[in-house]
Amino acid sequence: MQITILDDYHDTLRTLPCFSKLDGHAITIWNDHVQDVGTLAERLADTEALVLIRERTKIRTPLLERLPNLKLISQRSVYPHIDLETCTKQGIIVSSDQHAGTPSFATAELTWGLILAAMRKIPQQMAALRAGEWQIGVGQTLRGKTLGIYGYGRIGGAVAEYGKAFGMNILIWASEGSRERAGADGYDVPKSREAFFAACDVLSLHIRLYDSTRSIVTAADLAGMKPSALLVNTSRAPLIAPGALLAALDAGRPGMAAVDVYEEEPVQDAAYPLFQRDNVICTPHIGYVTSDEYEIQFSDIFDQIVAYANGAPVNIINPDVLK
């Protein structure tokens, strides 16, 4: 098969042990990021199987209509960047196991790193040292503080465990079923959404992005947070209503943010508003970017290609394509 891999920024995939699963196939890897439809259509003209690295490139109808040879899109996680209906109409199978069975511990660990860095002002203190200053402020201890987890899935559950290990009080807010599960697991569940936002010293988002969860965190939610609170988002930027985070930081509630995700990626503008704020820590969507996590993810992605090549596609998220 003709296989194309997009957005492998650091040319990492060919170094993974699981890459050998594609032996015998013709593979083209692109290390840059391109969203222009014409350029992508030219690059993907002969592609039969397309490997996507998360949502780095949007696969929309104008592009799909110019790819007559494409038969399979293989990826992991959710798929708001793919026009699924068009794929089905054109006979393109979309395979994604959506992290079946395991959380992204890499994302959970980055979340905890951001919490520690923000509460202790580690990047700001380092910048001060480089500028010849010594101790520019006082941080906050985590023990005894309240950690709110919004979304009690696999990653949220892992972050909650980290919070317990650091002696924090854990609050969970999520769908009704997830709140019941969190309560059964021994975690506190507040009586209302308003009480949840008001109580958190640290609030971390761990929700998948669907149409139903887009803008699920509102300006009113953020306005109800403490001035000393930290909001952490390593999930997806559109979970927060457009413009709401910047406005909330301007208003002083919450007082800090740590983010790994953005409305449009990659962000390569040094003047990007969040980058200019001393009370915000930003990382370039690296939650899942570790060699260990890549091996887990792409082992699944390549297995999906092998299954398709063997005539038995798996993890099909548009099953109508088979009719």
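What percentage of the 323 residues of the chain count as buried? In this predicted model, the share is 48%. The accessible surface of the chain amounts to about 14800 Å², and carbon and sulfur atoms contribute 52% of that area.

The overall dimensions may be considered next. The C-alpha trace extends over about 55 × 50 × 35 Å along its principal axes. A compact globule of 323 residues would be expected to have a radius of gyration near 20 Å, and the value of 21 Å found for the chain therefore agrees with that expectation. The secondary structure consists of 11 helices and 11 strands. Among contacts with a separation of 6 or more, 64% join residues that lie 24 or more positions apart. As for charge, the chain carries 29 positive and 38 negative charges, and the mean positions of the two sets are 6 Å apart.

Helix H10 offers a local view of burial. This helix comprises residues 244–251, and its buried residues are Ala244, Leu245, Ala248 and Leu249. Because these residues cover an arc of only 130° around the axis, they are placed on the same side of H10. A general property of helices is relevant here: an α-helix has 3.6 residues a turn, so residues three or four places apart point the same way. Asp250 and Ala251, by contrast, are exposed on the other side of H10.

Which elements are included in what covers the buried residues of H10? Among them are helix H9 (219–223) and strand S9 (230–233), together with strand S10 (256–259) and strand S11 (280–282). Just after H10 comes Gly252, whose phi is positive, at about 90°.

A second site of interest lies in a loop. Val34 is located between strand S2 (26–29) and helix H1 (37–43). Is this loop residue buried or exposed? The relative accessibility of Val34 is 15%, and the cut-off for burial is under 20%, so Val34 counts as buried.

The surroundings of Val34 can be described through its contacts. When residues up to four places away in sequence are left out, Val34 touches Asp7, Thr39, Leu40, Arg43 and Thr57. A further spatial relation concerns Lys58, which is 24 residues from Val34 along the chain; the C-alpha atoms of Val34 and Lys58 are separated by 9.6 Å.

Technical notes
Residues numbered from 1 in each chain as written. Predicted model: local features only at pLDDT ≥ 70, side-chain atom pairs only at ≥ 80, totals over all residues. Heavy atoms only, no water. Helix = DSSP H or I, 4+ residues; strand = E, 2+ residues; numbered from the N terminus. Rg over C-alpha atoms; globule rule 2.2 N^0.38 Å. Buried < 20%, exposed > 50% of the residue type's maximum accessible area, 1.4 Å probe, protein only. Contact = heavy atoms within 4.5 Å. Areas by Shrake-Rupley, 256 points an atom, 1.4 Å probe, with all protein chains shown as cover. Lys, Arg positive; Asp, Glu negative; His and termini not counted. Charge placed at Lys NZ, Arg CZ, Asp CG, Glu CD. Arc of directions from axis to C-beta.
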